[in-house]
Amino acid sequence: MSHLDIASMEGRQVWDSRGRPTIEVEIRLSNGAVGRAIAPAGASTGAGEALDLRDGGAAFGGYGVSEAMAGLRNEIIPVLIGLPADQQELVDGTLEALDGTPQLSRLGGNALIATSLAIAHAAAAGRDEPLWSYFAMGDAPLIPVPEIQIFGGGAHAAGAMDLQDFMVVPFGASSFREALEWVAEIYLAAGDLVARRGASVGVADEGGYWPVFDSNEQALDALLTSIEKAGFDPETQVGMSIDVAANQFFRDGSYILKAEGRALSTEEWYDQVAGWVRSYPIAMIEDPFTEDDHTSHQKFTVEFKDRTQIVGDDLLVTNRVNVETAIADGSCTALLCKPNQAGTLTRTKNAFDAAKAAGLGTIVSARSGESEDTTIAHLSVGWASGQFKVGSFTRSERMAKWNEMLRIEESLGARAKYAGGSVLGRN
Ligand code: PGA
Ligand code: ZN
């Protein structure tokens with residue numbers, strides 16, 4: 001038995017940032033090292049994602065995880081005991097084969113991703129190596145540019161605004177530490193603006209202000225004003241970014257704009273989004289069209305790829321095959337990389353590597369349902385993703401990740417390289 005073999009393992013039900021049950025897995029190796037990870041959960045999901053196993057029924061709004069916990073205890077743990085934790089592909093392959101379904105629905109993406117991430121934590125601890133360094137496998141680390149939510153909407157704010165995330169991207173900063181300082185000023189300015197207009201309802205699921213505006217343009221204007229009021233240049237320092245999450249308001253062939261009480265055809269919606277990209281300093285735009293509409297994605301990418309980064313989240317669901325299709329047909333220019341969409345770390349890496357190899361941008365991302373788990377900060381640095389999306393600049397499940405990035409940056413000292421504008425083709 002090697003010192004990095006899995007000696008014992010347990011699962012426990014813990015709670016996520018929406019107050020819903022989720023799964024934590026804790027793994028102990030023969031040498032005594034311990035690794036632990038918690039599964040996150042999405043609300044605006046793509047069709048091909050790994051599927052969480054939820055109990056349904058009345059308890060906890062149907063979000064219970066007792067079935068997933070039982071699968072963990074009765075099937076996953078017995079099979080993994082004794083396997084080498086530092087052979088992630090072997091462990092993940094075992095997990096995927098054990099589940100036996102394409103979307104990991106039998107044992108649940110929630111049970112599998114918590115297990116897969118905990119294995120990596122245990123292996124890194126067992127080798128007495130920082131997690132980011134274990135993920136880097138000897139390659140140079142890179143401190144990513146954060147993409148930080150200021151206003152939340154869409155499925156994360158009861159549909160009060162159609163677009164889901166209004167974010168800022170401080171690509172012009174010289175370090176992550178400075179990037180967060182810039183965003184703190186913008187967040188303050190945005191809070192003032194919303195309060196002065198009496199538009200604040202509260203906070204959305206990822207912690208951003210949840211304002212009520214009369215139109216999407218008002219929200220875009222407010223975001224731009226906040227950047228400028230805080231003293232930053234949106235062209236060279238802090239860009240705007242929007243996650244349209246268009247799946248969420250596409251119904252029966254139309255885009256239904258709730259705030260404005262309008263239904264737009266695909267062509268009208270295309271013109272609307274194109275108009276925004278032309279008239280605002282939008283550095284990144286995510287899921288501008290519903291995930292099945294490859295034609296609009298392709299046309300949009302041809303037209304705007306030099307002006308803005310076009311990010312596929314629901315379009316790609318961190319799936320290598322979808323990434324390869326998108327590369328072949330040119331339907332986006334960046335992958336939003338969410339480990340729990342893939343279900344295992346190995347599947348995540350396969351999608352990530354395919355995107356990187358083709359020159360796509362890569363943004364390691366959290367979910368709207370999160371926890372204190374900071375694995376993705378290490379993943380972003382170790383895999384040199386260059387970009388990192390975690391939600392807003394409030395709430396501890398978000399701040400835990402931003403703060404962990406500060407610690408990593410500090411620990412790297414002179415070796416810390418901030419990705420900066422190059423990831424957006426800007427310097
Ligand atoms: P989700 O939202 O975690 O609810 O899917 C995040 C996103 O769409 O990027
Ligand atoms: Zn998204």
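Let's start at a loop: Arg-395 is partly exposed, with a relative accessible area of 27%. This arginine sits between strand S16 (386-392) and helix H13 (396-412), and its phi is positive, about 75°, although it is not a glycine. Keep in mind that the model is a predicted one.

Asp-128 also has a positive phi without being a glycine, here about 55°. Its place is the loop between helix H3 (109-126) and helix H4 (131-136). With a relative accessible area of 73%, Asp-128 is exposed. As background for both loops, most residues other than glycine have a negative phi.

Stepping back to the whole chain, you will find 13 helices and 16 strands. The radius of gyration is 21 Å, close to the 22 Å that the globule rule gives for 427 residues, so the chain is as compact as a globular protein of that length. Its C-alpha trace spans about 60 × 50 × 45 Å along the principal axes, and 60% of the 427 residues count as buried.

Now to the bound groups, beginning with ligand 1. This ligand is surrounded by 14 residues, and the closest are Ala-43, Ser-44, Arg-367, Ser-368 and Lys-389. By character, the shell around ligand 1 is made up of two nonpolar, five polar and seven charged residues. Here are some contacts between N or O atoms of the protein and an oxygen atom of ligand 1:

| Residue | Part of the residue | Distance to an oxygen atom of ligand 1 |
|---|---|---|
| Ser-44 | backbone N or O atom | 2.7 Å |
| Gln-164 | side-chain N or O atom | 2.8 Å |
| Asp-243 | side-chain N or O atom | 3.1 Å |

How much of ligand 1 does the protein bury? Taken alone, ligand 1 exposes 280 Å², and the protein buries 99% of that.

Asp-243 takes us on to the zinc ion (ligand 2). Asp-243 (OD), Glu-286 (OE) and Asp-313 (OD) coordinate this ion at 2.0 to 2.2 Å. Along the chain, the donors follow the spacing D-x42-E-x26-D. Asp-243 belongs to strand S8 (residues 239-243) and Glu-286 to strand S12 (residues 282-286), so this pair ties together parts that are 43 residues apart in sequence. Are Asp-243 and Glu-286 buried or exposed? Both are buried.

Asp-243 is thus a good residue to look at when you turn the model: its side chain has an N or O atom 3.1 Å from an oxygen atom of ligand 1, and it also coordinates the zinc ion (ligand 2).

Notes
Residues numbered from 1 in each chain as written. Chains lettered and ligands numbered in written order. Predicted model: local features only at pLDDT ≥ 70, side-chain atom pairs only at ≥ 80, totals over all residues. Heavy atoms only, no water. Near = heavy atom within 4 Å. Polar contact = N/O pair within 3.5 Å; in protein donor to acceptor, adjacent residues only side chain to side chain. Areas by Shrake-Rupley, 256 points an atom, 1.4 Å probe, with all protein chains shown as cover. Nonpolar A, V, L, I, M, F, W, Y, C, P; charged D, E, K, R; others polar. Donors = N, O, S within 2.8 Å, 3.2 Å for Na, K, Ca; no water. Helix = DSSP H or I, 4+ residues; strand = E, 2+ residues; numbered from the N terminus. Buried < 20%, exposed > 50% of the residue type's maximum accessible area, 1.4 Å probe, protein only. Rg over C-alpha atoms; globule rule 2.2 N^0.38 Å.
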